[in-house]
Amino acid sequence: MELVTVDIGGTHARFAIATKGEDGTLTMDEPITLHTEDHASFQTAWEDYRERKGGTLPDAVAMAIAGPVGGEVIRFTNNPWIIRPALVESKLGVSRFTIVNDFEAVAHAVARAGDDEFLHLTGPEGPLKPTGRLSVMGPGTGLGVAHLFREPDGTYRVSATEGGHIDFAPLDPIEDAILARLRKRHNRVSVERVVSGPAIVDIYATLAALEGRAVKEQDDISIWKAGMEGTDSLAAAAIDRFCLSLGAVAGDIALAQGGFSGVVIAGGLGYRLREHLPNSGFAERFRAKGRFENLMAGIPVKLITHPQPGLFGAAAAFIQSHGD
């Protein structure tokens, strides 16, 4: 069977054709990325994609959406599109569809990805445990969190969560200073204020203030680039600090969810940090849970390397929901 799979964020909408083989394997063709600002609605973007594919598409669609997916109208935070689930079939000309939260889709991708699509970060070597609960999280514009539960018979269940909005708990004086800076703008500081792409701006500014440095104002993309390229030592220090906080939050999520069969870091930013995380304090912070340090040391922590987990996972969610 074939279906269209779509991953929609604030800036981009990615489309691909997914195919489920007779042996159950799921494959995709080369994705096409469209800019949301270039299209007045999702329907016009769909029509653009359809033209690029020769004028016809499969009559089924899976959509991963960056935001809550319940209700009669789905609205996007960072683009003007809206989706009315009741009208999807008539507007797009499909007979079946599935809509999931973007990180719910990523968890589906984790469930179906092969062992060779994971990079080991910390904990026991070897593949993720085949049964039990796994925690899935990833920093991007925000902090996505989900979990999946693998049954002994090979089936699995996925749940989306809003775990990125739990309270941030500083663990040292530098994080105390980061929290103090953020508290000037936010009555409540959630973990995604510290563990997300845009958060690097406040981390960088806090480190500069602690050293008494006067630094020019920069956006998050510039700081990430300078830190990863090694052209700005303060930006590099901010990335190291980010990795520490990511490790602490990942450990907290695992404890809260019972993700003792494994933790998976996902998302574009997580992938770009693949060279930094193993050499940072991520692992130490993940394990540093007091009386539960031995428990945490026994959890395998991986980074998914699939290039399009949102697209792949949306298709997997469709197949789980509709079968063939």
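This report covers two helix contacts, the nonpolar cores and one buried leucine in a predicted model.

**Helix pairs**

The two helix pairs are set out below.

| Pair | Residues | Crossing angle | Axis separation |
|---|---|---|---|
| α5 and α7 | 200-210 and 233-257 | roughly 120° | within 9 Å |
| α3 and α11 | 102-112 and 309-322 | about 80° | 7 Å |

The axes of α5 and α7 cross at roughly 120°. Because of that angle, α5 is oblique to α7. The crossing of these two helices is right-handed. On the α5 side, the contact involves I200, I203, Y204, L207 and A208, which meet L234, A235, A237, A238, I239, R241 and F242 of α7. By class, the residues of this contact comprise 11 nonpolar, no polar and 1 charged.

The angle between α3 and α11 is about 80°, so α3 is roughly perpendicular to α11. From α3, the contact draws on A105, V106, H108, A109 and R112, while α11 contributes P309, G310, F312, G313, A314, A316, A317, I319 and Q320. The contact of α3 with α11 counts 9 nonpolar, 4 polar and 1 charged residues.

**Nonpolar cores**

The largest nonpolar core contains 42 residues, and M137, F242, V263, L273, L277, F282 and F286 have the most contacts inside it. At least two residues each come from β11 (143-150), α4 (173-183), α5, α6 (220-229), α7, β13 (262-265), α9 (282-287) and β14 (301-304). Helix α7 gives the most to this core, with 11 residues. F242 of α7, listed among the residues with the most contacts inside the core, is also part of the contact with α5.

L277 is another residue on that list. Leaving aside neighbours within four places in sequence, L277 is in contact with L121, C243, L246, G270, F282 and L303. Apart from the largest core lies another, of 33 residues, including F103, V110, V136 and V264.

**L311 in α11**

L311 lies in helix α11. Is this residue buried or exposed? L311 has a relative accessible area of 0%, and therefore is buried. Not counting residues up to four places away in sequence, L311 touches T5, V6, D7, R14, F15, A16, M28 and P31. One of these partners, M28, is 283 residues from L311 in sequence, yet the C-alpha atoms of the two are 8.6 Å apart in space.

Conventions: Residues numbered from 1 in each chain as written. Predicted model: local features only at pLDDT ≥ 70, side-chain atom pairs only at ≥ 80, totals over all residues. Heavy atoms only, no water. Axes fitted to C-alpha atoms, helices over the stretch in contact; angles between N-to-C directions. Helix = DSSP H or I, 4+ residues; strand = E, 2+ residues; numbered from the N terminus. Parallel < 35°, antiparallel > 145°, perpendicular 65-115°, else oblique. Left-handed = near helix turned anticlockwise from the far one by under 90°. Contact = heavy atoms within 4.5 Å. Nonpolar A, V, L, I, M, F, W, Y, C, P; charged D, E, K, R; others polar. Core = buried A, V, L, I, M, F, W, Y, C linked by side-chain atoms within 4.5 Å. Buried < 20%, exposed > 50% of the residue type's maximum accessible area, 1.4 Å probe, protein only.
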